[in-house]
Amino acid sequence: MFLEVTNLSKIYNTKEFFSEKKFLALDNVNFSIKEGEYLSIIGSSGSGKTTLGRVIANLLEYDEGSIKYFGKNLKDYSVLELSSIVQMIFQNPYASLNPKLKIRSSLLEALPGINKTEADVIIEKALSNVGLDAKILNNYPHQFSGGQRQRIAVARVLLKSPKLIIADEPFASLDVYSQNQIMDIFKNIKKTSDISVILITHDISAASKFAERMIIMERGKIVKDDSFDNIFKVKENKYIVDLISSMEL
């Protein structure tokens with residue numbers, strides 16, 4: 001199995017007035033995915049889905065349990081090794097690009113140690129894969145729309161040739177046209193590579209289009225891990241019914 005998450009828990013220490021409280025953001029989470037598999041993780045605000053993505057991407061520490069890539073514990077990998085295994089795409093594409101750097105410089109940061117001529121060829125191919133032209137390389141992030149910036153962010157991640165991409169609400173700040181463009185890019189990635197992709201979203205409609213398998217989270221726990229078709233047919237509790245109802249509006 002490519003990724004195995006076992007008994008994973010994450011606790012946040014929060015302050016309320018003059019006292020400290022503990023918040024269990026992830027509560028005994030278990031799941032696995034295969035190479036090349038697409039998975040949607042959905043849930044309402046505070047369900048733990050973003051925390052789960054950040055922990056898997058090694059952006060947050062976890063308190064209990066284990067995360068394994070190719071049977072090896074995440075904590076046994078170096079930061080450099082993990083950067084070639086898992087990459088994350090965030091909701092706000094502007095935040096993932098340095099506003100002071102031209103696009104060429106931002107993308108070159110993903111290719112350390114590669115000479116300029118070879119890097120240019122690799123970058124142009126990555127841009128082509130997300131429907132962008134190399135002429136954008138001398139521009140700054142603020143010169144692009146949200147959809148274009150998100151495509152640049154996807155291209156930057158692809159330059160690292162990861163085994164897993166975690167996309168956290170990548171459609172949330174985009175118009176419908178741009179959402180469809182990003183969705184098409186991920187569909188093409190699925191056709192042309194063995195990269196696994198986890199989509200984290202509150203939008204069950206987007207989740208159902210993205211992947212057949214769906215994990216539903218509530219209060220830090222996985223309450224359902226099944227195909228969308230089965231989840232839609234059974235609607236086994238009010239929380240799931242409410243999520244599906246939001247899709248049917």
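These exercises work through a predicted model of a single chain, from its overall build to single residues.

**Exercise 1. Overall build**

Task: State which secondary structure elements the chain holds, and decide why it counts as compact.

Solution:
- Start with the elements. The chain has nine helices and 10 strands.
- Next, take the radius of gyration. It is 19 Å, and the globule rule gives 18 Å for 249 residues.
- The two values are close, so the chain is as compact as a globular protein of that length.
- Add the outer dimensions. Along the principal axes, the C-alpha atoms fill a box of roughly 55 × 45 × 40 Å.

**Exercise 2. Burial, contacts, surface and charge**

Task: Find what share of the residues is buried, and what share of the contacts joins residues 24 or more positions apart.

Solution:
- Buried residues make up 45% of the 249 in the chain.
- For contacts, count pairs with a separation of 6 or more. Residues 24 or more positions apart supply 67% of them.
- Turn to the surface. The accessible area is about 12700 Å², and carbon and sulfur atoms hold 49% of that.
- Finish with charge. The chain carries 32 positive and 30 negative charges, and their mean positions lie 4 Å apart.

**Exercise 3. Helix α5**

Task: Check the span of helix α5 (residues 146-158) against expectation, then decide whether α5 is largely enclosed or open.

Solution:
- Helix α5 has 13 residues. At 1.5 Å a residue, the expected span is 18 Å.
- Its end C-alpha atoms are 18 Å apart, which agrees.
- Now count burial. In α5, 10 of the 13 residues are buried, so the helix is largely enclosed by the rest of the structure.
- Name some of them. The buried residues include Gly147, Arg149, Gln150, Ile152 and Leu158.
- Then find their partners. The buried residues of α5 pack against strands β6 (86-89) and β7 (164-168), and against helices α3 (103-108), α4 (116-129) and α6 (176-192).

**Exercise 4. Two buried polar residues**

Task: For Arg151 and Ser9, give the element, the burial and the contacts beyond four places in sequence.

Solution:
- Arg151 sits in helix α5. Its relative accessible area is 10%, under the 20% cut-off, so Arg151 is buried.
- Beyond its sequence neighbours, Arg151 contacts Val130, Gly131, Leu132, Gln181, Ile182 and Ile185.
- One distance helps to place it. Asn180 is 29 residues from Arg151 along the chain, and their C-alpha atoms are 12 Å apart.
- Ser9 belongs to strand β1 (residues 3-16). At 9% relative accessible area, Ser9 is buried too.
- Beyond four places in sequence, Ser9 touches Leu24, Leu26, Asp27, Asn28, Tyr62, Asp63 and Glu64.

**Exercise 5. Two positive phi angles**

Task: Locate Glu169 and Arg219, give the phi of each, and decide whether each is buried or exposed.

Solution:
- Begin with the background. Most residues other than glycine have a negative phi.
- Glu169 has a phi near 50°, a positive value in a residue other than glycine.
- Glu169 lies in the loop between β7 and α6. With a relative accessible area of 10%, Glu169 is buried.
- Arg219 also has a positive phi, near 50°.
- Its loop runs between β9 (213-218) and β10 (221-227). At 70% relative accessibility, Arg219 is exposed.
- Put the two together. Glu169 is buried, whereas Arg219 is exposed.

Terms used
Residues numbered from 1 in each chain as written. Predicted model: local features only at pLDDT ≥ 70, side-chain atom pairs only at ≥ 80, totals over all residues. Heavy atoms only, no water. Rg over C-alpha atoms; globule rule 2.2 N^0.38 Å. Buried < 20%, exposed > 50% of the residue type's maximum accessible area, 1.4 Å probe, protein only. Contact = heavy atoms within 4.5 Å. Areas by Shrake-Rupley, 256 points an atom, 1.4 Å probe, with all protein chains shown as cover. Lys, Arg positive; Asp, Glu negative; His and termini not counted. Charge placed at Lys NZ, Arg CZ, Asp CG, Glu CD. Expected span 1.5 Å × (residues − 1).
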